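Visitor: Please take me through one part of this model in detail. I would like to see the place where the two chains meet, and then what lies behind it.

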Protein chains: 2
Amino acid sequence: MATIVALRTFDIRFPTSKGLDGSDAMNPDPDYSAAYVELSTDDPTGLAGYGLVFTIGRGNDVQAAAIQALSHLVCNQDVDELVADLGAFARKLTNDSQLRWLGPEKGVMHMAIGSVINAAWDLAARRAGKPLWRFIADMSPEQIVRTVDFRYINDALTPEEALGILRRSALGKAARLAALMEHGYPAYTTSPGWLGYSDEKLRRLARAAVADGFRTIKIKVGLDVEDDVRRCRMAREAIGPDCALAIDANQRWNVPEAITWIRRLAQFRIAWMEEPTSPDDVLGHAAIRRAVSPVPISTGEHAQNRVMFKQLFQAQAVDLVQIDAVRVGGVNENLAILLLAAKFGIRVFPHAGGVGLCELVQHLAMADFLAISGNMEDRAIEYVDHLHEHFVSPVRIVNGRYAAPTAPGFSSQMHDQSVNDYEFPTGRVWRQLIDHPSPVVGSIRAGDH
Amino acid sequence: MATIVALRTFDIRFPTSKGLDGSDAMNPDPDYSAAYVELSTDDPTGLAGYGLVFTIGRGNDVQAAAIQALSHLVCNQDVDELVADLGAFARKLTNDSQLRWLGPEKGVMHMAIGSVINAAWDLAARRAGKPLWRFIADMSPEQIVRTVDFRYINDALTPEEALGILRRSALGKAARLAALMEHGYPAYTTSPGWLGYSDEKLRRLARAAVADGFRTIKIKVGLDVEDDVRRCRMAREAIGPDCALAIDANQRWNVPEAITWIRRLAQFRIAWMEEPTSPDDVLGHAAIRRAVSPVPISTGEHAQNRVMFKQLFQAQAVDLVQIDAVRVGGVNENLAILLLAAKFGIRVFPHAGGVGLCELVQHLAMADFLAISGNMEDRAIEYVDHLHEHFVSPVRIVNGRYAAPTAPGFSSQMHDQSVNDYEFPTGRVWRQLIDHPSPVVGSIRAGDH
């Protein structure tokens with residue numbers, strides 16, 4: 001008879017802008033951050049659940065405040081009831097009419113809701129003693145369907161169709177489980193490709209990626225087309241003809257500009273062109289895709305909710321999509337998106353990197369492989385080798401593939417020491433930076449921009 | 001040589017859930033609220049600018065925190081520079097890459113940015129000694145175009161096309177100014193139609209609206225189709241055959257449900273069907289519109305930014321749109337939306353009500369009439385008779401029309417006394433409610449839901 005007794009939030013920031021890690025055409029100087037949430041219970045075993053929203057610095061405090069504003073919907077929640085109906089729990093959060101006004105179902109408030117829903121799934125999987133991917137894969141098709149909110153998507157996917165997809169995938173699940181445990185899930189890496197990196201660093205990291213077993217790398221583009229041609233050529237030469245090359249413009253272009261630019265870069269056999277324009281522009285992506293065919297077009301890391309994914313699929317605007325573990329309304333909404341993708345036959349290449357995104361999203365991809373799409377060899381999870389050391393159960397990459405996590409939960413818990421050291425602005429690391437700012441470090445202090 | 005010296009925010013809430021004013025199919029018990037912002041300067045005349053985000057209660061503190069997070073982009077801003085280039089000022093706020101991550105351009109952070117941009121326009125118009133509608137209408141076509149961010153919309157509207165629209169509307173501006181000053185701008189009223197009202201109250205208020213000179217009323221629908229048929233019939237009988245009847249489902253339906261429901265209600269000669277489904281679902285609106293033709297379909301009050309309006313027009317998803325003064329990125333983005341609407345020949349019926357929405361949006365509609373679309377007799381601004389007494393320059397309705405405001409600025413300043421009394425939870429009114437809760441009042445205290 002355990003109960004959730006507290007929701008606590010933490011404003012965690014890492015001073016990554018010092019090294020230009022994570023720099024792209026839209027985000028020149030990110031400080032990778034997490035608005036981190038802990039749901040604690042009165043269970044004598046110390047049962048708790050953890051979630052986070054990834055941000056890139058300023059505003060992480062606002063994101064944490066939005067999570068804290070959900071406290072009244074969570075505290076005193078019976079844990080047995082929560083675990084028995086994770087769909088009802090998620091709908092309680094997404095349907096609070098006063099909070100819904102602040103989206104609806106998008107932006108700061110929706111991400112806050114997603115982090116608490118994810119923390120609840122973490123708690124449920126821990127309680128079951130299973131990693132989240134296995135917890136989901138062990139649910140029956142009927143149980144999975146009950147977690148999904150079909151509001152606003154049932155014109156594209158009915159609960160009955162979802163059940164059909166899940167029932168078909170239930171066949172062969174045991175063989176897929178064995179394959180996943182033995183080989184892991186394919187990864188691709190963005191580590192070589194940040195815009196702030198020198199040519200030499202790009203070349204060196206691209207070669208290292210191939211040597212490490214990755215079959216796909218991704219580089220950032222979008223600031224200068226001649227520069228991009230040069231960098232794509234350099235990357236293609238470094239990885240050789242058999243490795244795939246994806247490129248990512250991080251929403252930099254307008255529709256006409258994207259078309260011109262992509263035509264210049266198509267010569268490098270692009271595996272996919274990611275985020276060519278605004279993530280809101282479904283029809284824009286469709287227009288770009290038609291104009292540059294057969295270059296595969298993708299988006300999704302910033303797609304705000306299932307309604308946008310539905311339209312991307314309906315409009316034939318993308319060849320593949322990214323999903324993000326913390327942008328939408330938690331596991332439930334990502335299950336809706338994965339089911340929509342399966343219905344429309346769209347491959348999913350989960351977005352990761354940031355803070356904890358690799359840790360979380362691997363579970364969704366593996367659950368998809370076992371219970372929904374049934375495929376993994378034609379897709380891959382993004383991987384960036386950043387900040388994993390702050391997590392209690394960090395991802396493990398073996399020969400360019402994600403090893404299936406074995407620890408119970410969503411891999412979302414951070415080390416207490418990391419939370420203490422990087423809490424902004426009072427943690428040890430930030431106090432040191434504020435007391436002894438270097439010229440670069442000085443620029444990342446709040447209010448200094 | 002004045003400078004902005006402070007950005008201050010206030011969490012203002014009105015306990016409207018006591019009377020079920022503002023209740024609709026999605027929002028049963030709103031406490032109309034405003035995250036209110038003041039930009040103060042060191043100008044010896046006391047020059048300041050005011051803006052707000054309208055919310056419906058819980059989360060208003062999060063919205064205020066998001067506005068406060070913009071302080072570093074605003075403080076020390078030179079007022080002359082601000083007024084000389086309101087486009088550059090707006091882009092400084094929308095392009096802060098770390099804050100942009102929290103949207104991008106949607107939800108809590110985008111509305112926060114919009115409120116500060118609106119406060120800057122208020123300040124600029126006050127400084128010019130003009131009401132905002134006149135301040136905009138007196139700008140040259142080139143000046144107006146410079147305030148607009150064409151990013152992500154130039155595939156539908158180029159700066160040159162926008163200039164063409166504005167130059168055509170510059171002809172005849174003097175005659176339209178005279179007409180506006182003499183007759184005001186048409187209004188329609190939603191006061192009779194809240195779902196929580198009794199039949200008798202609906203009938204009485206509908207008759208009163210016609211007697212007061214309104215030519216259109218709007219009622220809320222969406223909870224029960226038989227009930228809606230009954231209420232639409234009652235409203236139609238009360239207003240007679242010559243008054244227009246609009247209906248509003250506040251996003252209640254899925255696409256198939258909307259089609260069935262609207263076919264039942266079409267018999268009442270609907271002027272427009274507002275928000276049948278998710279505001280994110282451009283293709284859903286297009287499908288509904290095709291299926292129920294010729295019933296006019298509309299949305300926009302919750303459309304997050306200019307990219308969504310662009311697509312609504314491109315997809316022929318709507319017959320008309322609402323705009324909202326505080327949902328998008330301020331005056332600049334609303335000018336982009338009004339220019340897009342003019343390009344596509346879509347009529348605009350601005351959303352109002354709430355807290356201060358009538359006060360603000362009237363300026364945008366009047367500026368549109370003078371400088372952009374050149375039309376007002378085929379459109380109307382929503383009007384609800386709520387909470388105007390808290391504003392220093394409240395709207396004035398004469399014979400069912402908005403009288404053109406004459407006070408300098410955006411009509412966005414609240415009385416100091418109202419700010420003091422309704423600040424949550426420390427203001428006089430809230431302290432009284434918290435100390436002496438009635439059963440209903442008790443339910444609107446933070447954390448009680």
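**The interface between the chains**

Guide: The copies meet through the same surface, because 100% of the interface residues of chain A are also interface residues in chain B. Keep in mind that this is a predicted model.

Start with the count. On chain A, 52 residues are in contact with 52 residues of chain B. Several helices of chain A supply two or more residues each to this side: α1 (60-68), α5 (97-100), α6 (107-128), α13 (255-265), α14 (282-292) and α15 (306-314). The top contributor is α1(A), with 5 residues. By type, this side of chain A holds 22 nonpolar, 23 polar and 7 charged residues.

Now the symmetry. A turn of 180° with a shift of 0.0 Å along the axis lays chain A on chain B, with an RMSD of 0.0 Å. That is the relation of a two-fold axis. Within chain A, the residue closest to the rotation axis is Gly107(A), its C-alpha lying at 2.3 Å.

Next, look inside chain A. The domain assignment gives domain 1 (4-130 + 415-442) and domain 2 (167-402). Taken over C-alpha atoms, the centres of these two domains of chain A are 24 Å apart. Their contact takes 31 residues from domain 1 of chain A and 30 residues from domain 2 of chain A. On the domain 1 side, β2 (33-41), β3 (48-55), α4 (86-94) and α6 of chain A each give two or more residues. The largest share there is that of α6(A), with 8 residues. This side of domain 1 of chain A divides into 15 nonpolar, 12 polar and 4 charged residues.

So much for chain A; now turn to the sheet in chain B. Three strands of chain B form an open sheet in the order β1-β2-β3, with antiparallel pairing. At the edges stand β1 (4-13) and β3 (48-55) of chain B; each has a single partner strand, so one side of each is left without a neighbour in the sheet. From one strand to the next, the twist averages 15°.

Strands of a sheet pair through backbone hydrogen bonds, either parallel or antiparallel. In chain B, β2 (residues 33-41) is joined to β3(B) by 8 bridges, and the two run antiparallel. For one position to inspect, take Glu38(B): it stands opposite Tyr50(B) in β3(B).

Finally, add the helix over this sheet. Helix α6 (residues 107-128) of chain B lies across β2 and β3 of chain B. Its direction makes an angle of about 145° with β3(B).

Note on methods:
Residues are numbered from 1 along each chain as its sequence is written. Chains are lettered from A and ligands numbered from 1 in the order in which they are written. This is a predicted model: local features need pLDDT of at least 70, side-chain atom pairs count only at pLDDT 80 or more; totals for chains, interfaces and linings use all residues. Two residues are in contact if their C-beta atoms, placed from the backbone, lie within 7 Å. Helices (H or I, at least four residues) and strands (E, at least two) are DSSP runs, numbered from the N terminus. Ala, Val, Leu, Ile, Met, Phe, Trp, Tyr, Cys and Pro count as nonpolar, Asp, Glu, Lys and Arg as charged, and the others, Gly among them, as polar. Two strands pair if DSSP finds at least two bridges between them. Axes are lines fitted to C-alpha atoms, for helices over the stretch in contact, and angles run from 0 to 180 degrees between N-to-C directions. Copies are superposed by least squares on the C-alpha atoms of residues with pLDDT of at least 70 in both. Domain bounds come from an automatic or database domain assignment.
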